[in-house]
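Student: Could you take me through one part of this structure closely? I'd like to look at the side of one chain that touches the other.

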Amino acid sequence: MTPPQRERRAPQPGTEQDPGRLYVITGGTDGTQRAPLDLVALIVARSEAPPTAAPEQTALLKLCKRPLSVAEISAYLGLPFSVVTVLVTELLAADLVESRAPVVRSALPERSLLEAVMHGLQKL
Amino acid sequence: MDFKNSDTIVGPRAEDTLPDTATTAVKIVIVGGFGVGKTTMVGSVSEIRPLTTEETMTQAGIGVDDNYGSETKTATTVAMDFGRISITDELVLYLFGTPGQERFWFLWNGLFEGALGAVVLVDTRRLEVSFDVMGRLEERGVPFVVAINDFPDAPRYPMDELRTALDLPPDVPMIKCDARRRASSRDVLMTLTRYLHSLTMSPA
């Protein structure tokens, strides 16, 4: 029996997004700029929720006493990823959380980073 | 939007929290057709029970911002399972199992653009299901390895025959695996990381 046959494709210039956009942009002049948060940006609460905070914000701040990725926040709160990015953006603007941006593949990831990942996987 | 009261939110168990020293996260995407074993692979190597992040899109998949308040369009929920491996006290690796259909990828910012690389999980009973996703990754310049999930009743092709069928360049690694086994899934991730490492050594 012969398996079905595929045909290789060439890289399309322009389909690769500018990795710069994955970093969190805060401090828009009107404070409403939506940060293009990555799924694995690590969010950490900087303070307790103020009494005026919305229930979703309070819950998020409670969850993020330790660093937690945006994806995990979405899973634990049971809210869509896009909703969580809006909540996090509001909290970033209010200085209630900080975001630790992920390492992205700009051209290629750093060799030392990959070596650390290999070493970590070996220990599994 | 339904929201559970904050008192009822179940957060991570104490053993599932990251240390305060965690500063950097990286991600690897596991992609493949429905039922090919993506979630199984995520679960077998993850240090946390796999979690699910969801996104809602309309059937058209465009103009998401315009659809609030519109009753006429059908909303579809797309889910993605993921897991986590702590590499060091500072570095965390996340694994995302994602549907093969590219039209869903834009739902999550930088799903592939920000990933170190991808694992294409293949079931030899439905080899052609993986063709499109491999082409999409090639077009986007996302480095990937191919993992053949060894289902007991799947046709066994020799690896060189599979490489020819998948039209893979000789330097792209292919590996057989059993996604249910932690060691086997770990080897797939090691193969990808080694391959990415080799790409940093070779001239562009």
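Tutor: Let's look at the side of chain B that touches chain A, starting with chain B itself. This is a predicted model, where local features need pLDDT of at least 70 and side-chain atom pairs count only at pLDDT 80 or more, while totals for chains, interfaces and linings use all residues. Residues are numbered from 1 along each chain as its sequence is written, and chains are lettered from A in the order in which they are written.

Chain B has four helices and seven strands; these are DSSP runs, helices being H or I with at least four residues and strands E with at least two, numbered from the N terminus. Go along the sequence and you'll meet them as β-α-β-β-β-β-α-β-α-β-α. Of the 204 residues in chain B, 40% are buried, meaning that 20 or more other C-beta atoms, placed from the backbone, lie within 10 Å of the residue's own.

Now for the touching side. Here 66 residues of chain B are in contact with 59 residues of chain A, and contact means that the C-beta atoms of two residues, placed from the backbone, lie within 7 Å. Several elements of chain B each supply at least two residues to this side: the strands β1 (24–32), β2 (51–58), β3 (75–86) and β4 (91–99), along with the helices α2 (131–140), α3 (159–165) and α4 (182–201). The largest share, 10 residues, comes from α4(B). By type, this side of chain B divides into 33 nonpolar, 18 polar and 15 charged residues. Ala, Val, Leu, Ile, Met, Phe, Trp, Tyr, Cys and Pro count as nonpolar, Asp, Glu, Lys and Arg as charged, and the others, Gly among them, as polar.

Definitions and conventions: A residue is buried if 20 or more other C-beta atoms lie within 10 Å of its own, exposed if 12 or fewer, and partly exposed in between; C-beta atoms are placed from the backbone.
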